[in-house]
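Welcome! Take a moment to look over the sequence and the model, and then we can walk through a few places together.

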Amino acid sequence: MDAISVIRTKRDRGRLGDAQIDWVIDAYTRGEVADEQMSALAMAILLNGMEREEIARWTAAMIASGERMDFSSLPRPTADKHSTGGVGDKITLPLAPLVAACGAAVPQLSGRGLGHTGGTLDKMESIPGWRALLSNEEMLGVLDEVGCVICAAGDGLAPADKKLYALRDVTGTVEAIPLIASSIMSKKIAEGTGALVLDVKVGSGAFMKNLDDARELARTMVGLGTDHGVRTVALLTDMSTPLGLTAGNALEVRESVEVLAGGGPADVVELTLALAREMLDAAGLPDADPARALADGSAMDHWRRMVAAQGGDPDAPLPVARERHVLRAETSGVLTRLDAYAVGVAAWRLGAGRARKEDPVQAGAGVELHAKPGDRVTAGAPLLTLHTDTPERFDYALQALAGDAIEITDAGSHEPTPLVLDRIA
Ligand code: URA
């Protein structure tokens, strides 16, 4: 077998055979297939697509490139959630302890932010002392003791994806549905969860800008999970405007704690409960009542225990940025657009995100929203507060928010977009 013949097959719109897929993934992981060859193949896949059987085999080969975790020793059913990424998407933080409080075990292997979307680990690391890097034994220990854990995926899980994702990131080949689906699902299947709920984001702040593409991605991922014995469901949810009222690391932790305390923005509460119900259903616990676990403090109790078990102090004050800038409404009327992508880029430029994997993030940086689409605003009222330690970044953030990112109309009518747009099982 050789890389050039595999590339030619896909370049010429052929179907990759099982042996070709197994070989190319294994040889790439070992370094025998070069980055330039794999990037040519990734581009051919982006342009010419893959059939369902090819995606299934590609995913299986990526799983086989590393270790598989096993939670069968736990006394509870396991359930996990994966979001395809958005702006202000802090849902994992209240969701994991909430679902644990309802009786499932939640092994939430999470990632860092890159570009305009935030990462769960960056958010959690704004809690003083909290550790994202756990050994497999430590992870199992926290899961067993508390019922939930949020931590970084170990290097041993789907190493082929780790290499390939970094390559796709710099070769314009991230947006291929077969590659996104196999990348996400190889890690989730290798992680060993019994049930999986996918939050597939749709809109300006998401990978998938329209519903048709999001449905295709969701169907592909649900099919892969089901074929591997993982009970998998997808919700398609709106990402045309940020979730909640914050985008940024410590800002989002603070908002998540408000949700766990029984408050918080309505959209964050709604999506947290919708995903919790799906996870509990898929885990075989359909009678659990997540709304009650939020109200009676048991979800908060699990949060505090999880943070403490990973070295964090749940009572420590969260970092606050040194500088603030308030952006005010220019006219009175109804806020009809607050674009998720623009807010995500602004938060990123303020220091909440990173441009390269190695960059540090500012814990206190980000954007705070004072109004959401549909709200009436008056001229001069605060719309957004920008937070950063480095005030020279304000101008870059304001550039991202210029143009048509924010729209206020005096006509007065605004059709709200539903948060959950579709469900695929
Ligand atoms: N997240 C992943 O893990 N992989 C992708 O390809 C895209 C998003």
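## A short tour

Let us begin at the ligand in this predicted model. Around the ligand sit Thr84, Tyr165, Val174, Leu179, Ile180, Ser183 and Ile184. Helix 9, which spans residues 177-191, supplies the largest share of this shell, with four residues. Sorted by class, the shell holds five nonpolar residues and two polar ones, while no charged residue is part of it.

Next, the nonpolar interior. The largest nonpolar core has 137 residues, and the members that touch the most others are Val99, Ala104, Ala218, Met221, Ala234, Met279 and Ala346. Helix 15 (residues 340-352) gives the most to this core, contributing 10 residues.

Now for a loop: Ala158 lies between strand 3 (148-152) and helix 8 (159-169). Is Ala158 buried or exposed? Ala158 is buried, because 31 other C-beta atoms lie within 10 Å, and 20 or more are enough for a residue to count as buried. Gly203 is 45 residues from Ala158 in sequence, and their C-alpha atoms are 29 Å apart in space.

Here are the contacts of two residues you have now met, leaving aside neighbours within four places in sequence.

| Residue | In contact with |
|---|---|
| Ala158 | Met62, Ile63, Ser65, Gly66, Ser186, Lys187 and Ala190 |
| Ala346 | Val367, Leu386, Ala397, Ala400 and Leu401 |

To find these places again, you could start with the ligand and its neighbour Tyr165, then go to Ala346 in the largest nonpolar core, and finish at Ala158 in its loop.

Definitions and conventions. Residues are numbered from 1 along each chain as its sequence is written. This is a predicted model: local features need pLDDT of at least 70, side-chain atom pairs count only at pLDDT 80 or more; totals for chains, interfaces and linings use all residues. A residue is near a molecule or strand if its C-beta atom, placed from the backbone, lies within 6 Å of it. Helices (H or I, at least four residues) and strands (E, at least two) are DSSP runs, numbered from the N terminus. Ala, Val, Leu, Ile, Met, Phe, Trp, Tyr, Cys and Pro count as nonpolar, Asp, Glu, Lys and Arg as charged, and the others, Gly among them, as polar. A nonpolar core is a set of buried Ala, Val, Leu, Ile, Met, Phe, Trp, Tyr and Cys residues joined through C-beta atoms within 7 Å. A residue is buried if 20 or more other C-beta atoms lie within 10 Å of its own, exposed if 12 or fewer, and partly exposed in between; C-beta atoms are placed from the backbone. Two residues are in contact if their C-beta atoms, placed from the backbone, lie within 7 Å.
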